[in-house]
Each structure stands twice: as structure tokens, then as C-alpha cells.
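This report describes a few local features of one protein model. The sequence and structure come next, followed by the details.

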Amino acid sequence: MYNGIINIYKEAGFTSHDVVAKLRGILRQKKIGHTGTLDPDAVGVLPVCLGSGTKLCDMLTDTDKEYRAKMLLGKKTDTQDISGKVLEEREVKTDIPAVEEAITSFLGDYEQIPPMYSAIKVNGKKLYELAREGKEIVRKPRHVYIHYLEIEKVELPWVTMRIGCSKGTYIRTLCHDIGQKLGCGGTMASLERTKAGIFLAKDALRLTDIEMLQEEGKLTEKILPVDAVLSGYAAVTVEWKAQKLIDNGNAFYRNMIKEGRKYLPEEWVRVYNEDGRFYGIYRYGLEEGKFFPVKMFMENGQ
């Protein structure tokens with residue numbers, strides 16, 4: 001079984017779940033999970049977790065993202081992207097400086113109302129399911145953050161932008177909101193996720209690449225070890241006397257550390273044994289004087 005993370009380039013027409021299903025067939029293993037959905041028409045980076053790496057899914061979903069989006073002004077749709085039903089069309093009477101001003105006004109903190117066509121659940125039902133039934137409900141705005149918003153090209157009514165944002169940001173909603181601010185409406189015409197955390201589009205593999213590498217027996221070279229993704233946490237190596245404790249996912253005392261900082265109040269650390277095998281993420285408890293497991297990544301037989 002493969003363990004780790006692989007950087008997939010999701011192509012148009014596939015859902016994120018389609019990618020996982022196809023990988024299960026190619027790799028012949030069930031334990032696979034993705035780290036954040038992309039709409040079927042969107043393309044780009046989709047980190048996929050394998051084996052013990054699936055425990056990372058929620059942690060990787062929380063990372064910042066970067067996108068390249070093409071926006072069409074003068075049109076509003078029910079899905080806020082170009083594939084949806086057109087609700088309104090207006091002439092674009094604005095000029096380029098006004099467009100640039102409207103776009104950059106969304107930099108920083110941003111209270112965004114998620115679209116009806118989204119997987120967010122309300123009372124146990126996904127919003128897009130309600131939308132398909134012709135229902136629309138009041139949605140609470142969600143706090144997101146736009147780190148940077150670079151305008152790459154403006155040929156009205158078309159605008160191409162590069163966006164760096166926090167998790168949970170809907171780029172099609174951003175396009176919609178920019179259009180609303182300009183008074184002409186706007187919709188997302190295309191979307192590419194160019195970055196998700198440490199994963200970049202230029203390094204991503206398509207499903208056809210995965211098949212070829214699997215046949216050639218070279219796929220392991222492209223799978224990132226779990227601990228490589230967690231390199232932001234300090235590393236500690238425990239002595240052999242702590243081996244049984246970490247084998248069973250138990251806490252250990254700081255005097256059992258052979259290498260690494262021994263005093264990290266409430267911080268998370270990567271824990272290794274003397275052979276250099278990665279076991280998991282631990283948190284130091286100041287009061288107890290122990291390191292407690294947060295997430296363990298060792299698999300039986302690994």
C-alpha cells in the first residue's frame with residue numbers, strides 16, 4: 001500500500017471524487033482521500049492522500065490556496081459560473097480603472113456569502129440539493145481573507161486575475177460580488193487552482209501520468225512522505241526506552257528525547273525513533289511534563 005501525498009492535476013470534467021475513484025483503480029488500494037473539492041469544470045492542484053496520509057486530509061484542507069480565474073462581466077447566473085442558467089445580462093459601461101478599483105477593494109478581510117450551488121450543509125442537506133429543488137435559503141456570511149489579487153489582463157468584458165486566499169473562499173462568488181459592486185453583474189468563466197499549501201500546479205501529475213508511472217514502477221518517487229508536508233513543526237527523536245510507548249500511540253516524558261528541543265509548551269512536534277522512522281505529531285503538555293499524541297501515522301507492517 002502507498003502511504004503519503006501525491007500532487008494531482010485535476011482536469012476539467014472530473015469531480016474530485018472521480019479522481020479518487022480512478023486512483024483507487026490505478027493503485028489498487030481503497031485508502032485514498034482528497035484534500036478539498038474542485039468544481040467539475042475547474043482544473044488544477046488537488047493534493048491526494050494515500051494510506052496513512054489520509055489522516056492529513058483535514059490538515060491540508062485548511063491551507064491557503066492560489067487561483068487563476070477568468071471573469072466575464074455583464075452576466076449573472078444561478079451557479080455564479082458560466083455553466084449556470086443566465087439570470088440577468090447587462091451592458092458593461094464601466095472602464096478599466098473602475099474595474100481595477102472594484103477588484104482591489106476585496107483585498108484583506110472579506111465577509112462572503114457562500115453560493116447556493118455549494119456542498120455546505122444546512123440542517124443535514126447540501127445547499128446544491130436545495131438549489132436543484134428550486135429553493136433558496138438565507139446563508140450566513142463566512143469570514144475569508146484575500147491575501148493578494150493580481151489583475152493579469154483586462155479586455156472588457158473579460159478580466160483575468162490571480163488570487164491568493166484563505167481556505168473556504170469561493171472564487172465564483174468573488175467574481176459575482178465584483179460584478180455586483182460594478183453594477184453590471186459578473187460570473188466566473190474559468191478557474192485553475194495553481195497552488196494549495198506547498199503544492200504547485202507546475203509539479204502536479206495528471207491521471208495519465210500516474211498510470212504510466214505505476215506501470216513503470218516509478219510512482220513511489222512522486223509520492224511525498226507524510227512528514228515532508230509537516231516540516232513546519234520541530235522534529236524530536238526519542239530514545240529506545242520510549243519505543244514501546246510510541247508504538248502504541250502513548251504519551252512519553254520529555255527526558256526520553258534524545259535529539260531536539262525538550263521544552264515546547266503546547267507546541268506540536270514531529271516524533272521519530274532512533275532509526276529515523278516517523279511516528280506522528282505530538283503536543284507537549286506543560287503541566288504534565290509529557291508529550292501527548294495528536295495524530296499518529298505509523299501503519300501496522302509499515
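The side chain of Gln 29 reaches the backbone oxygen of Lys 31 at a distance of 3.2 Å. The model in which this pair is found is a predicted one. Gln 29 sits in the loop that links helix 1 (16–27) to strand 2 (32–34). With neighbours within four places in sequence left aside, the residues in contact with Gln 29 are Met 1, Tyr 2, Arg 24, Leu 50 and Gly 51. A far point of reference is Arg 139, 110 residues apart from Gln 29 along the chain. The C-alpha atoms of Gln 29 and Arg 139 are separated by 38 Å.

Helix 1, which comes before that loop, packs with helix 6 (residues 207–216) at an angle of about 10°, and the two axes are 10 Å apart. Angles under 35 degrees count as roughly parallel, so helix 1 and helix 6 are roughly parallel to each other. The crossing of helix 1 with helix 6 is right-handed. On the helix 1 side, Val 19, Lys 22, Leu 23, Ile 26 and Leu 27 take part, and they meet Leu 207, Ile 210, Glu 211 and Gln 214 of helix 6. By class, this contact has 6 nonpolar, 1 polar and 2 charged residues.

A second loop, between strand 7 (108–112) and strand 8 (121–122), holds Ser 118. The side chain of Ser 118 reaches the backbone oxygen of Pro 115 at 2.7 Å. Beyond its neighbours within four places in sequence, Ser 118 is in contact with Lys 126, Leu 127, Tyr 128, Tyr 170 and Arg 172.

Arg 172 belongs to helix 5 (residues 171–182). Its side chain makes a polar contact with the side chain of Asp 39 at 3.0 Å. Leaving aside neighbours within four places in sequence, Arg 172 is in contact with Asp 39, Thr 79, Gln 80, Asp 81, Pro 115, Tyr 117, Ser 118 and Met 188. Pro 115 is thus listed here, and the backbone oxygen of Pro 115 is also what the Ser 118 side chain reaches.

The table gives the accessibility of the three residues described above.

| Residue | Relative accessible area | Class |
|---|---|---|
| Gln 29 | 8% | buried |
| Ser 118 | 4% | buried |
| Arg 172 | 5% | buried |

Buried means under 20% relative accessible area. Gln 29 therefore counts as buried at 8%, as does Ser 118 at 4% and Arg 172 at 5%.

Note on methods. Residues are numbered from 1 along each chain as its sequence is written. This is a predicted model: local features need pLDDT of at least 70, side-chain atom pairs count only at pLDDT 80 or more; totals for chains, interfaces and linings use all residues. Side-chain values use heavy atoms; hydrogens and water are left out. Helices (H or I, at least four residues) and strands (E, at least two) are DSSP runs, numbered from the N terminus. Buried means under 20% relative accessible area, exposed over 50%, partly exposed in between (1.4 Å probe, protein chains only). Contact means heavy atoms within 4.5 Å. A polar contact is a pair of N or O atoms within 3.5 Å; within protein, one must be able to donate a hydrogen and the other to accept it, and residues adjacent in sequence count only if both atoms are side-chain atoms. Axes are lines fitted to C-alpha atoms, for helices over the stretch in contact, and angles run from 0 to 180 degrees between N-to-C directions. Angles under 35 degrees count as roughly parallel, over 145 as roughly antiparallel, 65 to 115 as roughly perpendicular and the rest as oblique. A crossing is left-handed if the near helix is turned anticlockwise from the far one by less than a right angle, and right-handed if clockwise. Ala, Val, Leu, Ile, Met, Phe, Trp, Tyr, Cys and Pro count as nonpolar, Asp, Glu, Lys and Arg as charged, and the others, Gly among them, as polar.
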